[in-house]
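Please look over the sequence and the 3D structure shown here before reading on. The report below then takes up a few of their parts in turn.

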Amino acid sequence: MLRVGALMAEWAAALGLAQAEVARWQRTGLLHDCLRDAPPEQLRGEAPAQFRELSDAVLHGPAAAERLADSIDAEMADAIRYHTLGYAGWDRLGCALFLADYLEPGRKWDPEGRAALRARVPGEFDAVLREVVAERLTRLISHGKPVRPESVAFWNRLAGAP
Ligand SMILES: [Fe+2]
């Protein structure tokens, strides 16, 4: 979470956002995984009904958004709620969290490839976002996993579907 928060702050600053906005982006990154290690059965009970069928690994997003609802704004809540899935209704904050979560330097797989993508953000923000979403969906499909409608809708938005 510290690494994601730092990356979010770095990108917000590079985009020229005001100091309060930089802090807000950082806070979103710091909070996004606050329930990642909570027991799945507890998260399933806290998540809104439409998310209760999610797999254990991704339940922490919707559950955290519910838990934090009184202390964060709606845009931050959407970023956190859908950070494991993608969401067609996101503005830049949600997209940045999705990217930072995937590209933060602590993850073990393909460090060179992800460092190369990271170096292109925020200058090529939209192009990198499309590449990351395509890569994540391709991986799910190649492993025979289902793709959630939220993730498909997010991709369709990025791909310019009407
Ligand atoms: Fe997460």
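Is His60 buried or exposed? At a relative accessibility of 5%, His60 counts as buried, where buried means under 20% relative accessible area, exposed over 50% and partly exposed in between (1.4 Å probe, protein chains only). The model is a predicted one, in which local features need pLDDT of at least 70 and side-chain atom pairs count only at pLDDT 80 or more, while totals for chains, interfaces and linings use all residues. Residues are numbered from 1 along each chain as its sequence is written, and side-chain values use heavy atoms, with hydrogens and water left out.

His60 is also one of the protein donors of the iron ion, together with Asp33 and His83; the donor atoms, OD of Asp33 and NE2 of His60 and His83, lie 2.0 to 2.2 Å from the ion. Donors here are N, O and S atoms within 2.8 Å of the metal (3.2 Å for Na, K and Ca), and because water is not among the atoms, sites may look incomplete. Along the sequence, the donor residues follow the spacing D-x26-H-x22-H. Asp33 and His60 link distant parts of the chain, 27 residues apart, since Asp33 sits in the loop between helix H2 (19-31) and helix H3 (40-46), whereas His60 belongs to helix H4 (residues 60-68). Helices (H or I, at least four residues) are DSSP runs, numbered from the N terminus.

Helix H4 also packs against helix H5 (residues 74-81), at an angle of about 155° and with the axes 7 Å apart; axes are lines fitted to C-alpha atoms, for helices over the stretch in contact, and angles run from 0 to 180 degrees between N-to-C directions. This makes H4 roughly antiparallel to H5, a term used for angles over 145 degrees. Among the residues making the contact (heavy atoms within 4.5 Å) are Pro62 and Leu68 of H4 and Ile80 of H5.

A search of the whole structure finds 13 salt bridges, each being a side-chain nitrogen of Lys or Arg within 4 Å of a carboxyl oxygen of Asp or Glu. The table lists some of them.

| Salt bridge | N to O distance |
|---|---|
| Arg36 and Asp33 | 3.2 Å |
| Asp101 and Arg107 | 3.0 Å |
| Glu124 and Arg120 | 3.1 Å |

Asp33, which is a donor of the iron ion, is buried with a relative accessible area of 8%, while its partner Arg36 is partly exposed at 48%. Likewise, Asp101 is buried at 8%, and Arg107 is partly exposed at 26%.

Definitions and conventions:
Helix = DSSP H or I, 4+ residues; strand = E, 2+ residues; numbered from the N terminus. Parallel < 35°, antiparallel > 145°, perpendicular 65-115°, else oblique.
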